[in-house]
Amino acid sequence: MAVNAAERSAMDRALQLATRGPRGANPQVGAVILSPDGTVLAEGWHQGAGTPHAEVDALSKLAPGDARGATAVVTLEPCNHTGRTGPCAVALIEAGVARVVYALDDPGAESGGGAERLRAAGVDVDSGEQADAAHALIDGWLTAQRLGRPHITVKWAQSLDGRAAAADGSSQWITGPAARADVHHRRAEADAIVVGTGTVLADDPALTARDGDALLSHQPVPVVIGSRPTPTDAAVHRHPHSPLFYDTHDLHAVTADLHARGIQRVFVEGGPTLASAFIQAGLADRVLAYIAPVLLGGDKLALGDIGVASIDHARRLTIDEWVPLGPDLLAVARPAAPTDPQNQNEGAA
Ligand SMILES: NC(=O)c1ccc[n+]([C@@H]2O[C@H](COP(=O)([O-])OP(=O)(O)OC[C@H]3O[C@@H](n4cnc5c(N)ncnc54)[C@H](OP(=O)(O)O)[C@@H]3O)[C@@H](O)[C@H]2O)c1
């Protein structure tokens, strides 16, 4: 059965509800229970490990029997796993839910399989509704499950001719206020913001997420990588969180340690050296390039060596979005899969 308008707007709502939960060992999930005529009966969300899952939270707000024949709209496949709570698929079946619409399959080896269990019990199941939005919501958790490290975004601002700074090293500001506001908003979605010692010494950044002068409610933990000492009066020491310093160039070790600390989303805002090192190490799940209509010339390129010796080894990207920001343009991109058409090199034919 195709997903209807009431179910689509319930999924919008479930995605909003999911954000009320914390980012942590468990994913953020939202759920809405609809009556057969599309009226919202109950809403729920997951409030963190050890608490009821979103669909069970929503069911708990209904009297016994009220969910009979209802539709559950959930951002993640109902689990099929007894952990600290029972399987959600069973809770839905026992409540008499007739239909389940969910966005993303549960990738967990133990927790997956809920859809199959629901179907076997005669529940109508539809998946994939707003899967991209649901994926974006829990990309950090998904990367942690899949790769055992945080989801990593590498960001830089560049001139139209691909420079990250002027000849004297000054780079504040290449882009305009709208682009900078966008960066602050995205910083607030990250758990950690990472720079190299080069950026600390050149720019003395505060590494906070701000709206104008006001601090946003969520602040990423500041992280500085490199051997040179950070001056004791550097702005990063006044950050609401104590900075983490890593005296190493081993980015796999750094990201493993951040993962062990429960950090799921990393925002890399270093200079060209660190951005290139993350990309060369295969540690960039998303690239954000803010492109300003300005020419700087010179040798301060946005990226240095990323291990591409010839065009055959170019790191092809897939663009998810081009976002105009005042006079600037933001490219939101991710590594192209080997099978993507963008990954086919143009020959001279
Ligand atoms: N346009 C932009 O978006 C943007 C953003 C930030 C900065 N900038 C500009 O970029 C310039 C600073 O560039 P930068 O490249 O020096 O800054 P950076 O990338 O932040 O820092 C580079 C330093 O990080 C350390 N490091 C840590 N891990 C490393 C690894 N795996 N490989 C190599 N080095 C590693 C090294 O320092 P140690 O020797 O101490 O170990 C290295 O010199 C300034 O002009 C700044 O204004 C531009």
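This tour proceeds from the domains to the sheet of five strands, then to strand β12 and the ligand. The model is predicted.

**The two domains**

Begin by colouring residues 5-137 and 149-343 separately: these are domain 1 and domain 2, respectively. The centres of domain 1 and domain 2, taken over C-alpha atoms, are 35 Å apart.

**The sheet of five strands**

Next, select strands β1 to β5. They form an open sheet in the order β2-β1-β3-β4-β5, and the pairing is mixed. At the edges are β2 (40-45) and β5 (124-127), each of which pairs on one side only. From one strand to the next, the twist averages 15°.

Restrict the selection to β1, residues 30-34, and β2: the two strands run antiparallel and are joined by five bridges. Within this pair, display Val-32 and Glu-43; Val-32 stands opposite Glu-43, which belongs to β2.

Now add helix α1, residues 5-18, which packs on the sheet. Its contacts are with β1, β2, β3 (71-76) and β4 (99-104). Viewed against β1, the direction of α1 makes an angle of about 145° with that of the strand.

**Strand β12 and its partners**

Move to β12, residues 265-268, and show the side chains. Which way do they point? Arg-265 and Phe-267 point one way, whereas Val-266 and Val-268 point the other way. All four of these residues are buried.

Add β6 to the view. β6 and β12 pair in the parallel sense over four bridges, and Val-154 stands opposite Val-268 of β12. Then add β7, which also runs parallel to β12 and is joined to it by three bridges. Here Ala-192 stands opposite Val-266 of β12.

**The ligand and its shell**

Finally, select the ligand together with the residues around it. The shell comprises 27 residues, of which the closest are Gly-196, Gly-198, Gly-226, Gly-271 and Thr-273. Colour the elements that give two or more residues to this shell: β6 (151-159), β7 (192-196), α8 (197-203) and α10 (272-280). Strands β6 and β7, already displayed as partners of β12, thus reappear around the ligand.

Which element gives the largest share of the shell? Helix α8 does, with five residues.

To close, colour the shell by residue class. It divides into 12 nonpolar, 12 polar and three charged residues.

Methods:
Residues are numbered from 1 along each chain as its sequence is written. This is a predicted model: local features need pLDDT of at least 70, side-chain atom pairs count only at pLDDT 80 or more; totals for chains, interfaces and linings use all residues. A residue is near a molecule or strand if its C-beta atom, placed from the backbone, lies within 6 Å of it. Ala, Val, Leu, Ile, Met, Phe, Trp, Tyr, Cys and Pro count as nonpolar, Asp, Glu, Lys and Arg as charged, and the others, Gly among them, as polar. Domain bounds come from an automatic or database domain assignment. Two strands pair if DSSP finds at least two bridges between them. Axes are lines fitted to C-alpha atoms, for helices over the stretch in contact, and angles run from 0 to 180 degrees between N-to-C directions. Two residues are in contact if their C-beta atoms, placed from the backbone, lie within 7 Å. A residue is buried if 20 or more other C-beta atoms lie within 10 Å of its own, exposed if 12 or fewer, and partly exposed in between; C-beta atoms are placed from the backbone.
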